[in-house]
Amino acid sequence: MVLEIRPIGTVVEGRTEVADDYWGGVESVIQLDESEFSLDSVQGLDEFSHLVVVWHFDKASPSDVEYHARSPRGNPDWPATGTFAHRNHRRPNQLAQSFPRLLKIDGLRLHVTDLDAVVGTKIYDLSPYFEEMGPRGPVREPSWPGEMLKDYWADKTS
C-alpha cells in the first residue's frame, strides 16, 4: 500500500538556507492552505505553547537516502549507526518532525520559533504538543547526539 498525502501548508518566512546548526532565535511562519482550511481549523490552538510539525526534506534528493550504518555527519569519532538511528534527510520518505514553540496565530499564519525547516518547506501535518503524549519514563541516549547537536539550537548571531 502506498500512502499519498498532500501538504497542508508551507513555511513562508524564516531561515532560507539549509544548515546543520545555529537554529536558535529563528522565527518562522507556517501558512496553512487557505483554499483548504477555514479560520476555525485553528480555533483553540493558541492555548498551546508547542506544536508537533511533520514536514518533508524537500530540498534533499531521494538519491541521498542511505540504508546502511554510517557515522553521524560523517564524523568518524561517532559510531556508525543504522538508518533508523538518524534523524536526517537520509531516511526513507525523508520526513521530519519538529516541536516548535507557538508564538502567535494570525488567521491561518502560525508564527513559531524553533522550527528547523526552511522557507518553501511543505508542511504535512501539525498538532498541539500534549505533555501527556511525550516520552514516558527516563529518556536514554548515547553521548554522540548531545555532542553532535551542541550548537543546533545556538543563536548564530551570538
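Start with threonine 10, whose bridge partner in β2 is glutamine 31. That pair belongs to a run of four bridges that join strand β1 (residues 9-13) to strand β2 (residues 27-32), and the two strands run antiparallel. Keep in mind as you look around that this is a predicted model.

On to the other partner of β1. Strand β7 (residues 122-128) pairs with β1 over two bridges, again in the antiparallel sense. If you want a spot to click on, try glycine 9, which has isoleucine 123 in β7 as its bridge partner.

Now go back to β2 and head the other way. Five bridges link β2 with β6, in the antiparallel sense, and serine 28 stands opposite valine 112 in β6. Is β2 mostly covered or mostly open? Mostly covered: five of its six residues are buried. As a general point, side chains in a regular strand alternate between the two faces of the sheet.

From β6 (residues 109-113) you can step across to β5, since five bridges join the two, running antiparallel. Here aspartate 106 stands opposite arginine 109 in β6.

Put those steps together and you get the whole sheet. It is an open sheet of seven strands, in the order β4-β3-β7-β1-β2-β6-β5, with antiparallel pairing. The edge strands are β4 (95-98) and β5 (101-106), each of which pairs on one side only. On average, neighbouring strands of this sheet are turned by 35° against each other, ignoring direction.

Let's stop at one residue on the β5 edge. Lysine 104 sits in strand β5. Leaving out residues up to four places away in sequence, lysine 104 touches Arg109, Leu110 and His111. Its relative accessibility is 48%, so lysine 104 counts as partly exposed; the cut-off for exposed is over 50%. For a longer-range landmark, take serine 49: it is 55 residues from lysine 104 along the chain, yet their C-alpha atoms are separated by 9.5 Å.

Next, a residue outside the strands. Arginine 70 lies in the loop between β3 and β4. Is arginine 70 buried or exposed? It has a relative accessible area of 10%, so arginine 70 is buried, given that buried means under 20%. Who is packed around it? Setting aside neighbours within four places in sequence, arginine 70 is in contact with Pro79, Ala80, Thr81, Thr83, His86, Asn88 and Arg90. Alanine 117, by comparison, is 47 residues from arginine 70 in sequence and 24 Å away in space, C-alpha to C-alpha.

Asn88 turns up again in the last stop, the largest pocket. About 1400 Å³ of space lies in this pocket. Its lining takes in 46 residues, and those nearest the centre are Phe57, Arg87, Asn88, Asp116 and Tyr152. Which elements give two or more residues to that lining? They are β3 (51-56), β4 and α1 (144-148). Of these, β4 gives the most, with four residues, and β4 is also one of the edge strands you met above. As for chemistry, the lining of the largest pocket divides into 24 nonpolar, nine polar and 13 charged residues.

Technical notes
Residues are numbered from 1 along each chain as its sequence is written. This is a predicted model: local features need pLDDT of at least 70, side-chain atom pairs count only at pLDDT 80 or more; totals for chains, interfaces and linings use all residues. Side-chain values use heavy atoms; hydrogens and water are left out. Two strands pair if DSSP finds at least two bridges between them. Axes are lines fitted to C-alpha atoms, for helices over the stretch in contact, and angles run from 0 to 180 degrees between N-to-C directions. On a 1 Å grid over the protein atoms alone, a cavity is a set of points where a 1.4 Å probe fits but cannot get out, and a pocket is an open set with protein on both sides within 12 Å along at least five of seven lines; lining residues have an atom within 4 Å of a point. Grid points are joined across faces, edges and corners, and a volume is the space filled by probe spheres set on the points. Ala, Val, Leu, Ile, Met, Phe, Trp, Tyr, Cys and Pro count as nonpolar, Asp, Glu, Lys and Arg as charged, and the others, Gly among them, as polar. Buried means under 20% relative accessible area, exposed over 50%, partly exposed in between (1.4 Å probe, protein chains only). Contact means heavy atoms within 4.5 Å.
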